[in-house]
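Okay, thanks for coming, everyone. I'll put the structure up and then talk you through it, beginning with a couple of single residues and working out to the contact between the chains.

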Amino acid sequence: MVRAGAAIVAVGLLAAVVGPWLVPFNPASQELAARLASPSAVHPLGLDELGRDVLARILGGARISFFVGVVVVGVSAAVGTVVGAVAGYFGGLVDDLISRVIDTLLAFPGLLLATAIVAVLGPSLVNVVLALTVIGWVGYARLARGQALRAREFEYVQAARAVGAGTGRILWRHIAPAVAPAVVVQATLGMAGAIVGEASLSFLGLGVQPPTPSWGTMLNGGRAHLLDAPHLTIFPGLAIATLVLGFNFLGDGLRDLADPKSR
Amino acid sequence: MRFIARRLLLTVPVLVGVATLVFSLIHLVPGDPVEAMLGESASRQDVANLRQQLGLDRPLYVQYGSFLRGAVIGDLGRSLRTGQRVTAAIAERMPATVELAMAAMLFAIVVAVPLGIAAAVRSGTAIDHGATTLALIGISLPGFWLGPVLAIVFAVELGWLPVSGRGTPAHLILPAITLGAPLAAVLARMTRASVLEELHEQYVLAARARGVSRTRAVLRHAFRNSLIPIVTVLGLQVGAVLTGAVITETIFAWPGVGRLLIQSITFRDYPLVQGCILLIAVAYVGMNLLTDVVYGLLDPRIRYE
């Protein structure tokens, strides 16, 4: 499962990095006379409602998906892990305060809060990243808090404290390594969540704005052409589903490796 | 009773936090929220009138107090576009969302439970691998793709079902499958894991030793005891269903609260946006509370933790 997931993600990443150079069309260039053209030898995935090459736009959209995934997951995991580890390690008032914030944010269905944030800030790629990060760090914080709570009772952590190691050193050298495996698994699954999150917001017209290619925006454009050009819906959706499946395979496989009992 | 009272008390600060966050949404609007709502062409008088109507000319703490009070007594102001009371507008759309959510959950249960049990009973075989892979695919299929694809196949190509709208039971089928598919996937995984765990318990082996048939041992003994985690997951997935409803209702023009939310975002009808978000969040908190309480009643160990 890990290999299948890693292979899908690697192919997706390769397509995002070098793909746009291999396709002889710009994602924004138009052939208005041939708009909505079905797949052909020249345009393997056809043209969209404005006569743009669907394959070029899917490859361009892959860059956006990876960009959003990496930034959202990177920042969320870093912030969430630090905040959660601090809450779990120190306990007391610090833990109470942080836990109340976490509880409040978890009281919202994640994507709903992101939708609300983008709705008030305005639709843009930056605001999508911001909104997904605001909802994203909470999961890591809760996870890291639980792991840190457990880890602070380990004998080697208590021994480090007994020999006078500083708080920063204990957190970095002893707590962080105990928290890391669970965070890595969560981050892999989080990539799938961030990619779907961006695509969902773009689908609702709240995310990446035209002419920048995004899989969600492409699917939104395809809705009006279900009858005459189903390829506008099928191919971008296949791209999202495949990449998300890859990250889910990878995350599930890593979780099994990290915790054999879950198998 | 003490367990329920304690759990209820713990929900109060969360609800206050939720209301605070929803209140602050309008203040996150870049620049002047009133000008953002009315557009650049609005006159100064219109801007001043709307500011007064929304109470945005009052000090922040007064606005906050008034919002909290309104949230408690169910007065969330009026829609800027239609003038209708926010609570009335939401109440009008609520039955459609509840109908869709119930149908989606029913679909998920009917598909996922047999699939999960089959995977657990045939653990390690092709059936198990097939069911597990199918569940992972189900989780990975975004609703905003599955919905249109189902519409292409069953409405456009085959002509069996209507593409959009609400009215007959046939209108409900495609939206319910779209919304229920990811839930079915999660539920199938949970059912598999839960039943598998119970199958290894000694009481199941004892039942088999007493001559109870394999089917009866699985359904009457293992499955019944694995129901608690399954019901819990179902309760906790209500949030995903409510979020998914926003997208599903948009795809199928289903006249529910999710579609109302997106329409009010489009028209920058912020009181209505706040009302929809608050309602969905409170419903989510309420479902989580109910799940916790039911879990506590079913499994006394939870109450004493």
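So, to warm up: in which loop of chain B does B:Arg210 lie? Have a look for a second. B:Arg210 is in the loop between α9 (202-209) and α10 (214-225) of chain B. And is B:Arg210 buried or exposed? B:Arg210 has 8 C-beta neighbours inside 10 Å, so this residue counts as exposed. For a sense of distance, take B:Gly286 as a partner: B:Arg210 and B:Gly286 are 76 residues apart in sequence, and their C-alpha atoms are 44 Å apart in space.

Now do that again in chain A, with A:Ala229. This one also sits in a loop, the one between α8 and α9 of chain A. Buried or exposed, then, for A:Ala229? With 21 C-beta neighbours inside 10 Å, A:Ala229 counts as buried, because the cut-off is 20 or more. Its C-alpha is 23 Å from that of A:Pro20, and those two are 209 residues apart in sequence.

Before going further, a word on confidence. This is a predicted model, with an ipTM of 0.82 and a pTM of 0.86. Chain A has a mean pLDDT of 90, with 98% of its residues at 70 or more. Chain B averages 87, and there 98% of the residues score at least 70. If you go element by element in chain A, the lowest mean is 88, for helix α6 (residues 155-162), and the highest is 94, for helix α2 (residues 54-90). In chain B, helix α5 (residues 86-121) has the highest mean, 94, while helix α15 (residues 300-303) has the lowest, at 64. So if you're zooming in on α15 of chain B, keep that 64 in your head.

Right, the chains one by one. Chain A comes to 9 helices and 0 strands, and reading along the sequence you get α-α-α-α-α-α-α-α-α. I promise I didn't just lean on the key. The C-alpha trace of chain A spans about 75 × 40 × 30 Å along its principal axes. Chain A has 263 residues, and 52% of them count as buried. What about sequence separation? Take the contacts in chain A between residues at least 6 apart: 70% of those join residues at least 24 apart.

One helix pair inside chain A is worth turning the model for. α2(A) packs on helix α5 (residues 125-151) of chain A at an angle of about 35 degrees, with the axes 6 Å apart. That crossing of α2(A) and α5(A) is right-handed. The contact between them has 21 nonpolar, 10 polar and 2 charged residues.

Over to chain B. Here we have 15 helices and 0 strands. Its C-alpha trace spans about 85 × 55 × 30 Å along the principal axes. Of the 305 residues of chain B, 41% count as buried. And the sequence separation for chain B: among contacts between residues at least 6 apart, 71% join residues at least 24 apart.

Okay, now the part where the chains meet. How many residues of chain A are in contact with chain B? The count is 35 residues of chain A, against 37 residues of chain B. On the chain A side, the elements giving two or more residues are α3, α4 (110-121), α7 (167-203), α8 (215-222) and α9 (231-258). The largest share comes from α9(A), with 10 residues. By class, that side of chain A has 23 nonpolar, 8 polar and 4 charged residues.

Let me finish on one helix pair across the interface. Helix α3 (residues 92-106) of chain A packs against helix α1 (residues 2-25) of chain B at about 65 degrees, and the axes are 9 Å apart. So α3(A) and α1(B) are roughly perpendicular to each other. The crossing of α3(A) and α1(B) is right-handed. Which residues meet there? From α3(A) you have A:Arg100, A:Asp103 and A:Thr104, and from α1(B) you have B:Pro13, B:Val14, B:Gly17, B:Val18 and B:Leu21. That contact divides into 4 nonpolar, 2 polar and 2 charged residues.

And that's my tour. Shout if you want me to rotate anything.

Definitions and conventions
Residues numbered from 1 in each chain as written. Chains lettered and ligands numbered in written order. Predicted model: local features only at pLDDT ≥ 70, side-chain atom pairs only at ≥ 80, totals over all residues. Axes fitted to C-alpha atoms, helices over the stretch in contact; angles between N-to-C directions. Helix = DSSP H or I, 4+ residues; strand = E, 2+ residues; numbered from the N terminus. Parallel < 35°, antiparallel > 145°, perpendicular 65-115°, else oblique. Left-handed = near helix turned anticlockwise from the far one by under 90°. Contact = placed C-beta atoms within 7 Å. Nonpolar A, V, L, I, M, F, W, Y, C, P; charged D, E, K, R; others polar. pLDDT = per-residue confidence, 0-100. Buried ≥ 20, exposed ≤ 12 C-beta atoms within 10 Å, placed from the backbone.
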